[in-house]
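This report introduces a protein model to a reader who has not met it before. Please keep the sequence and the three-dimensional view at hand while reading.

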Amino acid sequence: SPFTYIDELLIRLMSAHVGELFAKCSLYDESVEMVEKALKTVELTNHYPCDSRDLFYLAYVYLVQTRELLKATHCVLYIATSSLLSTNQQLWSLHPDNPCLPIEIQYGEGMAGWVASHGETVFIENPEQDPRFDVEIEAAFTDSEGGVGASPDFESLNLLATPIYNHDGTLLGVAEIMNKRTGAFTETDKQLLALRCQQIVLMVKTHTAEYLHFSNNETIPESLHRCKVVLECDRAIFFATDKATKQLRLIADSEAWVEKTGRVKNKNMLVPLSDGLLGYVARVGISILIADAKLDPRFNFELDNAMNYKTTSLMCLPVSEPRDPNLIVGVTLITNKLGGSAFTDVDRVIGSILSRQVGKLYYGTHGEQAVNNRDAWNDWLRPGTQQ
């Protein structure tokens, strides 16, 4: 007999259920992949120095990814001061683009403060009608780009907030997701956010007690090789400032350790401070990620020609002096993410941790030279001294 209208309705209903199940499976598959990356990060944190801001940005990147999975517009991550061995009952957060201005709220203030003090997950519609919601706090913590910053016109349509607990039961912080674009938050969204929060805990659980630890026995090439392995890239290179030439000098690369030669290819290679990419990162102290080098005018292809190399994707990170993180003594150039993909914000945070290790090792072996080069560089950067 021919198909009927009832058959069509049944097929439509089954297709809708299949589509929903497929979407949920895709979300959880992505979560499993993130767990594997988290395990790699835990291994990294056992060997390298990491401070509370590293923890924040690493966790924040994962929360942003969760926001995208849940099809929401805003997210805020709060860290509990108690997780940093403090007795104050406060939560703090940072602007992703302005880490110098932490924002603090007390337990019980706003929705996040309520979640921290009660230890319960909430997901509500029209949160501005809820007495626990503080409009001024939420406006100060959210901007049009979904991060942290002042935005008086911000409107919260729906909200999902959950506490993040360490494995010992202490509060690590609070994760807040706002304004789901496809309707109200669901129980599935709640479960997914809880799963991602456990991944955040997995990444940071070893940091708070041992973040000042690092390996003194490691060499710079060994550290660069570890950087290459952890970030799944083709190469990692360290350039340091040169006092005599006011340039960046190639000091070590990951290949020197692999070949066990004790020598660095192109060791006398110099890059001027006026360089639009490496020089800019060294002068300003801001990291740069480029998905395709040939499309970015800042990249100097003479560097590739000199090293007989072809750069596709890259990440350039400042290397600071261990005594003063604001003083840059060099840069780390990390190139060609394996698989043809681009470097991510997670790679940026992990690379920054590794670059800090490189800075410590370089200072340990070239302490006086590093200081002299830094001072000469600072003199050169003063107005009226550049040629």
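Does Phe299 count as buried or exposed? Phe299 counts as buried, at 6% relative accessibility. The model in which this residue is seen is a predicted one, and the account below moves from the chain as a whole to selected places within it.

## The chain as a whole

The protein chain has 387 residues, and 49% of them are buried. Its secondary structure comes to twelve helices and twelve strands. The accessible surface of the chain is about 19,100 Å², with 54% of that area belonging to carbon and sulfur atoms. Of the contacts between residues at least 6 apart in sequence, 64% join residues at least 24 apart.

## Aromatic pairs

The structure holds two aromatic pairs. One of them is formed by Phe238 and Tyr362, whose rings stand edge-to-face, with 5.3 Å from centre to centre and 65° between the planes. Phe238 belongs to strand β7 (residues 233–242) and Tyr362 to helix α11 (residues 345–365), so this pair ties together parts that are 124 residues apart in sequence. Phe238 is buried, with a relative accessibility of 0%. Tyr362 is buried as well, with a relative accessible area of 1%.

Phe299 and Phe301 also form a pair, and this pair is edge-to-face because the planes of the rings meet at 85°, with the centres 4.8 Å apart; planes over 60 degrees apart count as edge-to-face. Phe299 is buried, as stated at the outset, whereas Phe301, at 34% relative accessibility, is partly exposed.

## Surroundings of Thr332

Thr332 is part of strand β12 (residues 324–337). At 1% relative accessibility, this residue counts as buried. Which side chain makes a polar contact of 3.3 Å with that of Thr332? The partner is Ser355. Once neighbours within four places in sequence are left aside, the residues in contact with Thr332 are Leu224, Ile237, Phe238, Met315, Cys316, Leu317, Val319 and Ser355. Phe238 in this list is the residue that forms an aromatic pair with Tyr362, and Leu224 is one of the buried residues of helix α7.

## Helix α7

Helix α7 (residues 220–230) is mostly covered, since eight of its eleven residues are buried. The buried residues of α7 are Ile220, Pro221, Ser223, Leu224, His225, Cys227, Lys228 and Val230. In an α-helix there are 3.6 residues a turn, so residues three or four places apart point the same way. Just after α7, Glu232 adopts a positive phi of about 55°.

## Salt bridges

Ten salt bridges are present in the structure. The table gives examples, among them a bridge between Arg67 and Glu68.

| Salt bridge | Closest N to O distance | Accessibility of the first residue | Accessibility of the second residue |
|---|---|---|---|
| Arg67 and Glu68 | 2.7 Å | Arg67: 9% | Glu68: 40% |
| Asp130 and Arg132 | 2.9 Å | Asp130: 15% | Arg132: 22% |
| Asp189 and Lys180 | 2.6 Å | Asp189: 7% | Lys180: 16% |

Arg67 is buried, while its partner Glu68 is partly exposed. In the bridge between Asp130 and Arg132, Asp130 counts as buried because its relative accessibility is 15%, and buried means under 20%. Arg132, at 22%, counts as partly exposed. In the bridge between Asp189 and Lys180, Asp189 is buried at 7% relative accessibility, and Lys180 is buried at 16%.

## A nonpolar surface patch

Which residues make the nonpolar surface patch of about 420 Å²? The patch is made by Tyr5, Ile6, Leu9 and Leu10. Ile6 lies in helix α1 (residues 5–45). Why does Ile6 count as exposed? Its relative accessible area is 52%, and exposed means over 50%.

## Summary

The predicted model shows a chain of twelve helices and twelve strands. Covered places include helix α7, where eight of eleven residues are buried, and Thr332 in strand β12, which is buried at 1% relative accessibility. On the surface, Ile6 is one of the residues that make the nonpolar patch.

Terms used
Residues are numbered from 1 along each chain as its sequence is written. This is a predicted model: local features need pLDDT of at least 70, side-chain atom pairs count only at pLDDT 80 or more; totals for chains, interfaces and linings use all residues. Side-chain values use heavy atoms; hydrogens and water are left out. Patches are made of residues with over 30% relative accessible area and no salt bridge: like charges are joined within 9 Å, nonpolar side chains (Val, Leu, Ile, Met, Phe, Trp, Tyr) within 5 Å. Accessible areas come from the Shrake-Rupley method with a 1.4 Å probe; for residues, only the protein chains shown count as cover. A salt bridge is a side-chain nitrogen of Lys or Arg within 4 Å of a carboxyl oxygen of Asp or Glu. Helices (H or I, at least four residues) and strands (E, at least two) are DSSP runs, numbered from the N terminus. Buried means under 20% relative accessible area, exposed over 50%, partly exposed in between (1.4 Å probe, protein chains only). A polar contact is a pair of N or O atoms within 3.5 Å; within protein, one must be able to donate a hydrogen and the other to accept it, and residues adjacent in sequence count only if both atoms are side-chain atoms. Contact means heavy atoms within 4.5 Å. Rings of Phe, Tyr and Trp (its six-membered ring) pair if their centres lie within 6.5 Å; planes under 30 degrees apart count as stacked, over 60 as edge-to-face and the rest as tilted.
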